[in-house]
Amino acid sequence: MKKMLFAALVATIGFTSSAYAQFSAGTTVLGGSFSYSKDQVDYLGYYGSATATAKTVTISPRIGTFLADDFEAGMQVSYMHSAFINDTDLSGKSAQDMFTLAPYGRKYFSLNEWAGFYMQGSLGFGWGRSGGDDLAGSDFRNRAFTASLAPGVTIRVGEHVGIDFQANLLQYSRTTAGIKGKYADTKSDPNETVQVGPNFNNVSLGISFFL
């Protein structure tokens, strides 16, 4: 009986140490996340205020390293595709594609031997283009800056594999667009937005490999 208890204790210590090793200094992380959202968007159309359906898909691979125990830093690259559809307005359909580079820092807080809560801060620098079948035939060249704070949870499903769930808590974004149209080229005024509070409409699902 004592031998069985000793073996169980050794196994538990080994399991806990292995789990904690994921978050120790020097560990390299390869990962990525996926998110999908569908929202109603209010905007100014040809006949005044209008509402469109916006569908957004984002894919975000990342690479990082633990600079200290429980602190990961790295770079995330994101590709986002958004489609806006409104059949009741002349602007009809439009789409946007955006690439973003985002250095990030992530602080982990262990919940138990198989799960850890984290808080991630990041800065994003993006560029892309958008356009649609409106009457002006405009082609938008977009630039964006974002700053965000996002909580998440990593759940261990293997010795070196974790599943991540993340939702934005705070986010600031500033977007400008250079417009190339059929009749004239213009530059838009910056558009700034601030999101405060948890956003559960766009929770991302990710995976992390700890090497």
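**Figure 1. Y108 and Y118 in close-up.** Buried means under 20% relative accessible area, exposed over 50%, and partly exposed in between (1.4 Å probe, protein chains only). What you're looking at is a predicted model: local features need pLDDT of at least 70, side-chain atom pairs count only at pLDDT 80 or more, and totals for chains, interfaces and linings use all residues. Residues are numbered from 1 along each chain as its sequence is written, and side-chain values use heavy atoms, leaving out hydrogens and water. With that settled, have a look at Y108 and Y118, which are both buried. You'll find Y108 in strand β4 and Y118 in strand β5, residues 115-132. Strands (E, at least two residues) and helices (H or I, at least four) are DSSP runs numbered from the N terminus.

**Figure 2. The aromatic pairs, and one that reaches across the sequence.** How many aromatic pairs does the structure hold? The count is ten, a pair being Phe, Tyr or Trp rings (for Trp, the six-membered one) with centres within 6.5 Å; planes under 30 degrees apart are stacked, over 60 edge-to-face, and the rest tilted. One of them joins F23 and F210 edge-to-face, at 5.7 Å centre to centre and with 85 degrees between the planes. F23 sits in the loop between α1 (2-21) and β1 (28-45), while F210 belongs to strand β11, so this pair ties together parts of the chain that are 187 residues apart in sequence. F23 and F210 are buried. The pair of Y108 and Y118 is tilted instead, with 5.6 Å between the centres and 55 degrees between the planes. Since Y108 lies in β4 and Y118 in β5, that pair ties together parts ten residues apart in sequence. Now step back a little: ring pairs link F23, F66, Y108, Y118 and F210 into a cluster.

**Figure 3. Two charges over rings.** Here a charge sits over a ring if NZ of Lys or CZ of Arg is within 6 Å of the ring centre and within 35 degrees of the ring normal. R106 lies over the face of Y118, 3.8 Å from the ring centre. K107 does the job for F109, lying over its face at 5.8 Å from the ring centre.

**Figure 4. Salt bridges, including a small network of them.** How many salt bridges does the structure hold? There are four, each a side-chain nitrogen of Lys or Arg within 4 Å of a carboxyl oxygen of Asp or Glu. One of them brings E72 and R62 together at 3.1 Å, N to O. E72 is in strand β3 and R62 in strand β2, so to speak two distant parts of the chain, ten residues apart. Both of these side chains belong to buried residues, E72 and R62. R106 turns up again here, meeting D164 in a salt bridge at 3.6 Å, N to O. That bridge spans 58 residues, from R106 in β4 to D164 in strand β7 (residues 161-166). R106 is buried, and D164 is too. Put these residues together and you get a network: R62, E72, R106 and D164 are linked by salt bridges.

**Figure 5. R174 and E192, with Y172 for company.** The side chains of R174 and E192 meet in a salt bridge at 3.8 Å, N to O. R174 is in strand β8 (residues 170-180) and E192 in strand β10 (residues 191-196), which puts them 18 residues apart. Is R174 buried or partly exposed? R174 counts as partly exposed, because its relative accessibility is 34%. Y172 is in β8 as well, and at 26% relative accessibility Y172 is also partly exposed. Between Y172 and L149 there are 9.3 Å in space, C-alpha to C-alpha, and 23 residues in sequence.

**Figure 6. Strand β11 and its two faces.** One face of β11 is covered, with S204, G206, S208 and F210, and the other is uncovered, with L205, I207 and F209. β11 pairs with β7 in the antiparallel sense over six bridges; two strands pair if DSSP finds at least two bridges between them. Along this pairing, Q166 stands opposite S204.

**Figure 7. A nonpolar patch on the surface.** L30, I63, M75, V77, Y79, F99, L101, W127, I207, F209 and L211 form the patch, with about 940 Å² of accessible area together (Shrake-Rupley method, 1.4 Å probe, only the protein chains shown as cover). Patch residues have over 30% relative accessible area and no salt bridge; nonpolar side chains (Val, Leu, Ile, Met, Phe, Trp, Tyr) are joined within 5 Å, like charges within 9 Å. Which elements give two or more residues? They are β3 (71-85), β4 (93-112) and β11 (204-210), and β3 has the largest share, with three residues. I63 comes from strand β2 (residues 48-68) and is partly exposed, at 46% relative accessible area.
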